[in-house]
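Here's a quick walk through one protein chain, from overall build to its packing. Have a look at the model first.

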Amino acid sequence: MNILVTGGAGFIGSHTVVALANAGFNPIIVDDFSNSEPTVLAGLKNILGYEVPCHIFDCNNYPGMLQILRDEKISGVIHFAAFKAVGESMQEPLAYYRNNLGSLLTLLDAMLAEGISNFIFSSSCTVYGEPDTSPVTEKAPVKPATSVYGQTKQMGEEILRNVAAAKPLKIVALRYFNPIGAHPSALIGELPRGVPSNLVPFVTQAAAGLRDALTIFGDDYPTSDGTCVRDYIHVMDLAEAHVAALRHSIKIVESNFFDTFNLGSGKGNTVLELVRTFEKISGHPLPYHIGARRKGDVIAVWADVQKSYDLLGWHTKRSLEEALEDAWRWQQRLGDR
Ligand code: WQD
C-alpha cells in the first residue's frame with residue numbers, strides 16, 4: 001500500500017518512513033523543507049537501501065495534492081507537516097493557523113475528492129495542558145491551550161472529529177508525549193534549527209561542547225526533585241505506533257471513524273533524572289545550572305497508555321537510556337554541523 005507521509009523529511013516523519021517501509025508499506029514523502037533538510041533523504045536511502053519518493057511542495061497546494069494522491073495511488077495519509085515551535089507560535093499566530101490548519105483542510109478536501117479514507121493525525125499531549133492527575137488517559141479533559149501551537153492541535157482534533165462524523169473518513173489522532181532519540185544507525189535524527197528549545201537536543205549539544213551549560217528551567221516545582229516531569233518516548237517506538245495506528249484505521253469497517261490515542265512510555269521522569277541518566281550513558285558530567293521557570297511549562301504530565309496497548313496492540317519497547325544513547329550517537333555523528 002502506498003502511504004503519503006506529509007512532513008516525511010522531519011524528525012518524527014522520517015523515522016515513521018523507516019517504520020512503514022520495515023512493515024512492508026510504500027511510504028511517499030511530501031515536504032517543503034521549511035523545517036527539515038534534504039540530507040534526510042540520503043539517510044533514509046542508506047537505511048532502507050532504496051530512494052524513498054519525495055515531492056517537494058506545500059500541503060496548502062490543493063491541485064498539487066490532488067495530483068499526488070492520484071498519481072501515487074495513495075491508500076492512506078500520515079500527516080506530520082506543521083509548524084511546531086511553541087514560542088514562535090506566539091509571535092506568528094497567523095502563520096501557524098494558516099499552515100497548521102490550512103494544510104489540514106486542504107488535505108482533507110483532496111482525500112475526500114480522491115475517496116481516500118485512512119488518515120493518521122499528529123497531535124500532542126499539549127492538548128491536556130496541566131492535567132488534574134497523571135498518568136493521563138484519553139478521557140482527560142482538553143484544557144485551554146497555553147500556546148497557539150497547542151491551540152492548532154486542539155482545533156485540528158475538533159475539525160477531524162466533526163469532518164469524520166459527516167464524511168467517509170477513518171481518522172486516528174495520535175497524542176505524542178515527548179519524542180526523543182534517533183534511529184540507532186545515527187543516519188537520521190533530530191535537526192533542530194538554531195538554539196534548541198527542547199531539552200534533549202540541548203543536552204546533547206551541550207555535551208558536545210556546542211552550547212554552554214544547560215539551564216534547567218526551575219527546580220522549585222512540587223515534584224520529587226523540584227524539576228518538571230515528562231513522558232519521554234523513543235522516536236522509533238513512536239514511529240512504530242504510526243504503523244499500528246494505520247493498520248487500525250485500515251481494519252475499521254465503519255465509514256465514519258475518529259479516535260485519539262496517547263503515545264508515551266507510561267512513565268514520568270524529571271529533568272534532573274534525565275540529566276543524570278544522560279551523564280551515565282555518555283560517561284561524562286553535563287554542565288548545567290538552575291534558572292528561572294519557563295512560562296507555560298506544565299509541572300507534570302505522563303501518559304496512561306492502556307488504550308493504545310488494548311486497541312493498537314502497541315507499547316514502547318525502548319528505554320530512556322536507549323533513547324539517550326541513540327540521541328548522543330546521532331549528536332556525535334553530526335559533529336558541529
Ligand atoms: C521538557 C522539560 C522544560 C529545555 C514541547 C511541546 C510539545 C512537543 C515537545 C512538539 C520541561 C525542561 C527544556 C531546556 C529545561 N513539541 N527544559 N531546559 O515543553 O514538555 O514539550 O516539546 O510537538 O508539544 O510543548 O518539551 O523538551 O521543551 O521541555 O529545563 O533548555 O525540559 O522546562 O520541563 P515540552 P521540552
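How many helices and strands does the secondary structure of the protein chain come to? There are 11 helices and 13 strands, where helices (H or I, at least four residues) and strands (E, at least two) are DSSP runs, numbered from the N terminus. Keep in mind that this is a predicted model, where local features need pLDDT of at least 70, side-chain atom pairs count only at pLDDT 80 or more, and totals for chains, interfaces and linings use all residues. Residues are numbered from 1 along each chain as its sequence is written, and side-chain values use heavy atoms, with hydrogens and water left out.

Some whole-chain numbers:

| Property of the protein chain | Value |
|---|---|
| C-alpha trace along its principal axes | about 55 × 45 × 40 Å |
| Exposed area | about 14200 Å² |
| Share of exposed area from carbon and sulfur atoms | 53% |
| Buried residues | 55% of the 337 residues |

The areas come from the Shrake-Rupley method with a 1.4 Å probe; buried means under 20% relative accessible area, exposed over 50%, and partly exposed in between, with protein chains only. The radius of gyration, taken over C-alpha atoms, is checked against a globule rule of 2.2 Å times the number of residues to the power 0.38. With 337 residues, a compact globule would come in near 20 Å, and the protein chain has 19 Å, which agrees. As for contacts (heavy atoms within 4.5 Å), residues 24 or more positions apart account for 81% of those with a separation of 6 or more.

Now the inside. A nonpolar core is a set of buried Ala, Val, Leu, Ile, Met, Phe, Trp, Tyr and Cys residues joined through side-chain atoms within 4.5 Å. The largest one has 40 residues, and Leu 20, Leu 44, Leu 174 and Leu 263 have the most contacts inside it. Elements giving two or more residues to this core are β1 (2-6), α1 (11-22), α2 (39-48), β6 (170-176), α8 (235-251) and β11 (257-263). Of these, α8 gives the most, with nine residues. Apart from this core lies another, of 26 residues, among them Val 30, Leu 66, Ala 81 and Phe 121.

Leu 263 has partners including Leu 174, Tyr 176, Ile 233 and Trp 314, not counting residues up to four places away in sequence.

Is Lys 45 buried or partly exposed? Lys 45 sits in helix α2 and is partly exposed, with a relative accessible area of 41%. Leaving out residues up to four places away in sequence, Lys 45 touches Tyr 50 and Glu 51.

Conventions:
Buried < 20%, exposed > 50% of the residue type's maximum accessible area, 1.4 Å probe, protein only.
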